[in-house]
Amino acid sequence: MRHLIVTSVSLLFALAHDVRASALYQQEQPDSVRQDSVAVFNIRPHRLTPIMVTATRTFKDMFETPQPASAIGSVTIRDEAPNTVTDLFSALPGLDATGVGPTQVRPAIRGLRGQRILLLADGLRLNNSRRQQDFGEIPALVDVTTLDRVEIVRGPASVLYGSDAIGGVVNLITRTPTAEGLHGSLGYRYSTHDDQQKVTGMIAGRTGRLGFQVHGTFRDAETYSAPAGSFGNITLARDTSVFDTGVQDESFNGYMDYDVTPHQRAFVRAERYRADTTGFGYVDPAAYAPNQPLIQIRYPFQRFDKLTMGYQASQLGLPIADGVNVIGYYQDNERQFDLDVFIPFGPGTPPGAGVQVNSENFTDLETVGVRIDATKLATARVLLTYGVDVFRDDSKNTDASRSTVFGFGPPMTETSARPQVPNATYRSIGTFLQADVELHERASLVLGVRYQDIHAETRPTEGLTAPLVSETDRTAVGSANAIVRVTENLSVIGSVGRAFRSPNLVERFFNGLTPEGGAFQAPNPRLEPETSLNLDFGVRYRDALLYLEGFVFRNEIRDGIRIAPRGDEINGLPVFHNINVDKLRFTGVELSGDIMLPNGLFLGSNYTHLSSKDVLDPSNPVGESFSDKVNAHLGYRHPSDRVWIEYRVRHNGKRKDVDLGTNPVGDVLPAFTVHSARGGVTVFRRGSHTHRVGITVSNLTNQLYAEFANVSFFRPEPRRRVTLTWDMSF
């Protein structure tokens, strides 16, 4: 199969990047620019790669960024109308997604996920120190229709962003008002599989020194169904509901800025997100494996509020700084988490014998943070970027649980109000320095170093009598990234970097039933931070028509935190706790490319190979994502953007290096191929006033499959579905 994949990639110009993820000029620039650049079919198209800021915290052409990176622009987001931007990740090299439904899909990068991926919004961290390690925070906190672009760094970025960036960084960059006058948009999205309806509206303006923007969204989605079929050893005889995959949510984003001078700006942003009746998603085991536990994880509500204030200045000409950014923020993240599990006792026990566990957790995490960074052109060839970032999480929570044993006479019930995680604080202080050195007109080097101090401390908590615990991690990391322009069209990139991740509050202090419901987790406050050493080597080529990119990488994590059996039981369930494992190794290859043709056609493909290994225990499988993935697409876009159409296919090869336990899918994650088609038409345009309609048909072959990270807790993807969109802008 691998030979078939590589051959397919070669036939489609071997190395293809998603046409929009490469941010082709024709695709990603505003409509007026595209019309000026490509006015008629026989004019040769012109390509520009996007400007990237996340990788170095300075503006760089992505072709000249000395790290593996991807970008998703506003045109892609508008055309594909995803639930969250993470829905687009499966089409990009090295990226994957975990979770199901409109809100619960989270990113994975190079086989790493959860808290090993740092999620940012406008450069400020969204990661939640109260989340489970494998869950991570949800990108849905920032509505996808507010985004100007999304930038992804594939690989560590702890020097600039601190803890959690071992696997990579996802930066959600929202739009701000730039054009004079009053502008706005209105949109509607409907999808058949979950009867989802979503309405969005935005109004923005700029007059003189003042700019403002207000954006709102409302969405209502029902539970979706997976199609009948087989996936490995799992068979669904008919279309089957994947419960708890609906949601009712709404978001609000308000922004205002004021130009104090032509080179100084102050701004304030207020954000609010509300979600109800959503969940982790599950299929009733009676439909495919009656002896499996029934596990239901629900989020009855989530409330997220954030206030950000900032000051930005450029061309200061000060001895220590030419540009300065000062940002302070407060965010409050409240969440209700309910877990219901029924575990049958199995053969040799009375029919219906088992234990029913119901638990509820309410968490309120308040965060206060400040980030100050500055740039200084020290010499004509050396640009310095330096700064400090501080944040403090204050976690408060309450818990209630009930366990009932059935099958041995009258049901026997035990209740508890003991919190599973004590109230605690998580404080981080970091300082960093980066030098961007132009060695030659064709070669540059980016060097960086960070020192970090993280302190976790429990506080008195009602219902707990355990002694208070205080732990501090102090870490220094560095990186070196180089790029050489061999020719005007060909660059060679090499990078080496250390990264780290401090254990969060759940990993250190959790004591209770695991979210999957099949075991208990004991605390381990003495965990050490994870550290990693990552190596990347790659090449990029571009001309007016063709873009090619290839990277190989090796990321080795020392003291990797993994949950492991402790060797005892509680209420018949095995007890696990987090431990430091030395060492985990992740290696891979990412190849991508695309081509633009003068007549409006575009095509491309990408191929990713991932390998993971527990170096000290090779028999212990640590794979959590695909081993091989290939994407290919073919499309057409009218030069005036009047009409566009695209066909896509993705193939995931089978994965052997994975611990599936007693999962009925079998010994390996089975391969699958999924097809989709989409298109759109600009039905009206007069000046800046436009109306567009779009249609997407996903899972064309109506195949039963699950993204690999969703197999161990079986949550298949929806059946064949149609998504319709309409948007108006003025």
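# Strands, sheets and burial in a predicted model

Q: What makes E21 and E22 a pair of strands?
A: There are 22 bridges joining E21 to E22, and the two run antiparallel. Two strands pair if DSSP finds at least two bridges between them, so E21 and E22 qualify. One facing couple is Asp 332 and Glu 366, the latter in E22.

Q: What kind of model is this, and what does it count?
A: The model is predicted: local features need pLDDT of at least 70, side-chain atom pairs count only at pLDDT 80 or more, and totals for chains, interfaces and linings use all residues. Residues are numbered from 1 along each chain as its sequence is written, and side-chain values use heavy atoms, with hydrogens and water left out.

Q: What makes a stretch of residues a helix or a strand?
A: Both are DSSP runs numbered from the N terminus: helices are H or I runs of at least four residues, and strands are E runs of at least two. On that basis the protein has six helices and 41 strands.

Q: How do you know how compact the protein is?
A: The radius of gyration, taken over C-alpha atoms, is set against the globule rule, 2.2 Å times the number of residues to the power 0.38. The protein's value is 25 Å, close to the 27 Å that the rule gives for 730 residues, so the protein is as compact as a globular protein of that length. Its C-alpha trace spans about 80 × 60 × 50 Å along the principal axes.

Q: How do you know that E20 and E21 pair?
A: Strand E20 (residues 294-313) and strand E21 (residues 323-344) share 17 bridges in the antiparallel sense, which satisfies the bridge rule for pairing. Arg 298 has Asp 338 in E21 as its bridge partner.

Q: Why are E23 and E24 called a pair, and what do they form?
A: Five bridges link strand E23 (residues 382-406) to strand E24 (residues 412-416) in the antiparallel sense, so the rule for pairing is met. Ser 403 faces Glu 414 in E24. E23 and E24 form a hairpin with five residues between them, and Gly 407 in the turn has a positive phi of about 105°.

Q: What makes E4 and E6 edge strands?
A: They belong to an open sheet of three strands in the order E4-E5-E6, with antiparallel pairing. Strand E4 (95-98) and strand E6 (112-113) each have a single partner strand, so one side of each is left without a neighbour in the sheet. Strand E5 (residues 106-109) is joined to E6 by two bridges, which is enough under the pairing rule. Ile 109 stands opposite Leu 112 in E6.

Q: What makes the pairing in the sheet E3-E9-E10-E7-E8 parallel, antiparallel or mixed?
A: This open sheet of five strands has mixed pairing. Strands of a sheet can pair through backbone hydrogen bonds in either a parallel or an antiparallel way. Strand E7 (residues 117-121) and strand E10 (residues 168-174) run parallel over five bridges, and Leu 118 has Val 169 in E10 as its bridge partner.

Q: Why is Val 85 called buried?
A: Buried means under 20% relative accessible area, exposed over 50% and partly exposed in between, with a 1.4 Å probe and protein chains only. Val 85 has a relative accessible area of 3%, so it is buried. It lies in the loop between helix H4 (74-80) and E4. Leaving aside neighbours within four places in sequence, Val 85 is in contact (heavy atoms within 4.5 Å) with Ile 72, Val 144, Leu 147, Val 150 and Leu 172.

Q: How do you know whether Asn 524 is buried or exposed?
A: Its relative accessibility is 17%, so Asn 524 counts as buried. The residue is found in the loop between strand E30 (520-522) and strand E31 (530-542). Not counting residues up to four places away in sequence, Asn 524 touches Glu 507, Arg 508, Asn 578 and Ile 579.

Q: Why does Asp 364 have no salt bridge?
A: A salt bridge needs a side-chain nitrogen of Lys or Arg within 4 Å of a carboxyl oxygen of Asp or Glu. For Asp 364, the nearest side chain of opposite charge, Lys 396, is 4.3 Å away, so the limit is not met. Lys and Arg count as positive and Asp and Glu as negative, while His and the chain ends are not counted. Asp 364 is buried and is found in strand E22 (residues 354-379).
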